[in-house]
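Me: I have a structure open and some labels that I do not follow. Can we go through them one by one?

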Amino acid sequence: PKFLGFLVVLAILVSGGVYTTLNKVLLFPPFTWMMQQEKVNAQSKSAYFADQYGMRLPVAGTVSRGHLPYVYADVALQPVQPLTNPLLPSKANLALGQKKYLTFCSPCHGNYGEGDSRMRGQFPNPPSLHSSKVREWKDGNIFHVIMKGQNVMPSYAQQLSGNESWAVITYVRALQKAKNATEEEIKLYQKEFSANGAK
């Protein structure tokens, strides 16, 4: 009985000590430095900077981890030899491209690339992605427009990673092929579709 009583008293003392330490002692200085440290919350002012902006732009030349800067960022016109799309038109890449296209591109270019913007009238209507000019462009030319911007279209380098941009281009090529397919390609697709459907 004495030993069991000792265990009970010990358990009470340890529990009380741990509770007091975690809920009382650690709330006193200097243990509160993590909660009371100087910091700026998102979208809040800062008295430290002259312009009072708390959210600062990255230092010029900063490269985030896992991200390669666009090598033609300072080129105003299209590069002479544009980059090549490293992605294959797989189901996963097309799904990623569709998701990013519908999120960032469709508000202006329309869900199917027709240029029928949901923001029609608020901004100059963008050209159709099915024009002969865009269809004859290389993938790297479209990539350059996404990274650099063109006319009223801003750069989407902050919204889309390089891989996501290539996926969007892959999806745009699928939209172009679907709208501008030849009769031979349609017949070939119907034949393959019916064969796969039969399986």
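Reply: The model is a predicted one, and the labels below are set against their cut-offs.

Me: Why is tyrosine 48 called exposed?

Reply: Exposed means over 50% relative accessible area. Tyrosine 48 has 72% relative accessibility, so tyrosine 48 counts as exposed.

Me: What makes phenylalanine 49 partly exposed?

Reply: Buried means under 20% and exposed over 50%, with partly exposed in between. Phenylalanine 49 has 29% relative accessibility, so the middle label applies.

Me: Why are tyrosine 48 and phenylalanine 49 called an edge-to-face pair?

Reply: Ring centres must lie within 6.5 Å, and planes over 60 degrees apart count as edge-to-face. Here the centres are 5.1 Å apart and the planes are at 90°, so both conditions are met.

Me: Why is the pair of phenylalanine 104 and tyrosine 156 edge-to-face?

Reply: The centres of these two rings are 6.4 Å apart and the planes are at 65°, so the pair is edge-to-face. The limits are again 6.5 Å and 60 degrees. Phenylalanine 104 is in helix α2 and tyrosine 156 in the loop between α4 and α5, 52 residues apart.

Me: What makes phenylalanine 104 partly exposed?

Reply: Its relative accessible area is 25%, which falls between the limits of 20% and 50%.

Me: How do you know that the charged end of arginine 56 sits over the ring of phenylalanine 49?

Reply: The CZ of Arg has to be within 6 Å of the ring centre and within 35 degrees of the ring normal. For arginine 56 the distance is 3.9 Å, and the charged end is found to sit over the ring.

Conventions. Residues numbered from 1 in each chain as written. Predicted model: local features only at pLDDT ≥ 70, side-chain atom pairs only at ≥ 80, totals over all residues. Heavy atoms only, no water. Phe/Tyr/Trp six-rings, centres within 6.5 Å; stacked < 30°, edge-to-face > 60°. Buried < 20%, exposed > 50% of the residue type's maximum accessible area, 1.4 Å probe, protein only. Helix = DSSP H or I, 4+ residues; strand = E, 2+ residues; numbered from the N terminus.
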